[in-house]
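Let's take a walk through this model together. Have a look at the sequence and the fold first, and then we'll go through it piece by piece.

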Amino acid sequence: MIITIASGKGGTGKTFVAVNLAVSLFSYEQSGEIQPLTFLDCDVEAPNAALFLQPKIYRKKNVEQYFPLIDFETCTGCGKCAQVCQYHAMAIINQKAFVFKDICHACGSCGLICPEQAIHDTPDKVGIVERGSVRGMEFANGMLDIGKLSPVPVIQELKKWMQGALQGEGTVIIDAPPGASCPVVESMRGADFVLLVTEPTPFGLHDLKAAVIIAKDELNLPVGVVINRDGIGDTGVKEYCQSNKIPILLKIPFDRKIAEIYSGGKILVEIIPEYKIEFQNLFIKIQRVMKRQQAFSNEEDSYS
Ligand code: SF4
Ligand code: SF4
């Protein structure tokens, strides 16, 4: 089962939930309840799960993206490459093709259409991926190089590298980037369940709604919510979840001790073991929601 943990808004405690769920599940696994566990930190612009989990890294590799390089000697300035580019990353200047590398999505269409074979792919390093293990679970993360714009190729490479775990029998926890754009979609794609971590404030609600649109409406995935810092703000998140039939699976109270544990780089369930049960129950609730959704889809199929 692949569980992507996302948030919409940054700073809601997404990594905190992902790490505590993973550590709680690993001890659950040791008691023979669940299959092997893998943790993927797909927040490649600011990967920080490793700060908490302290994995032993045993492999690293570069992530490269292929950008078009124009051979000005051969280019006739016909403009076909600029016409085919969906991202407006190619222009004709002084009768020669020019690539705006920062907005190029490296799709390769321009190279395919060029009648003069004047476009050649050149590799450019955009980041790295790392893999290792910790507490008996597999761990992998990615890092986007400074100055590179799109995290998507790094996330795709990370998922490709961990294909075995993603297609296997075990549980994979994916820590997604914050926001509601392409990197988040890439982190949710292929998941079985999306757990959205929010805080009970108007900002939290606003960004939760954006994340729900991606996960539930666009990708048609089952979702559940964790409310972190419960007790601050207002009741907007709870009312929204209730009226949209989105289950709230865990509420973590606003508590100075929890904040101190987190800011000290420690893992809550290891310091206050009662929370381990809470996170194990969270996993059980996720399984229940998935079963209910499956039963509902089967029922719908039988009527269609
Ligand atoms: S399609 Fe090829 S020849 Fe035409 S402008 Fe682009 S690079 Fe030059
Ligand atoms: S590779 Fe794709 S996105 Fe980049 S310039 Fe060519 S057509 Fe545009």
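**A walk through the model**

Start with a spot that's easy to find: Gln54 sits in the loop between helix 2 (49-53) and strand 3 (56-70). Helices (H or I, at least four residues) and strands (E, at least two) are DSSP runs, numbered from the N terminus. Before going on, note that this is a predicted model, where local features need pLDDT of at least 70 and side-chain atom pairs count only at pLDDT 80 or more, while totals for chains, interfaces and linings use all residues. Residues are numbered from 1 along each chain as its sequence is written, and chains are lettered from A and ligands numbered from 1 in the order in which they are written.

Back to Gln54: its phi is positive, about 50°, although Gln54 is not a glycine. Gln54 is partly exposed, with 13 other C-beta atoms within 10 Å. On that scale, 20 or more other C-beta atoms within 10 Å makes a residue buried, 12 or fewer makes it exposed, and anything in between is partly exposed, with C-beta atoms placed from the backbone. Now try Arg229, another non-glycine residue with a positive phi, near 60°. Arg229 lies in strand 10 (residues 223-230) and counts as buried, with 20 C-beta neighbours inside 10 Å.

Zooming out, the chain splits into domain 1 (2-63 + 128-298) and domain 2 (72-117), with bounds from an automatic or database domain assignment. Taken over C-alpha atoms, the centres of domain 1 and domain 2 are 39 Å apart.

What about the inside? The largest nonpolar core (buried Ala, Val, Leu, Ile, Met, Phe, Trp, Tyr and Cys residues joined through C-beta atoms within 7 Å) has 71 residues, and Ile5, Ala22, Val194 and Leu196 have the most contacts inside it. Helix 1 (residues 14-30) gives the largest share of this core, eight residues. Leaving aside neighbours within four places in sequence, Ala22 is in contact (C-beta atoms, placed from the backbone, within 7 Å) with Leu37, Phe39, Met137 and Ile173. Apart from that core lies another, of 10 residues, including Cys81, Cys85, Ala89 and Ile119.

That leaves the ligands. Around ligand 1 there are 14 residues (C-beta atom, placed from the backbone, within 6 Å), and Cys75, Cys78, Cys81, Ala97 and Cys114 come nearest. Ligand 2 also has 14 residues around it, with Cys85, Ala89, Cys104, Cys107 and Cys110 nearest.

Technical notes
Contact = placed C-beta atoms within 7 Å.
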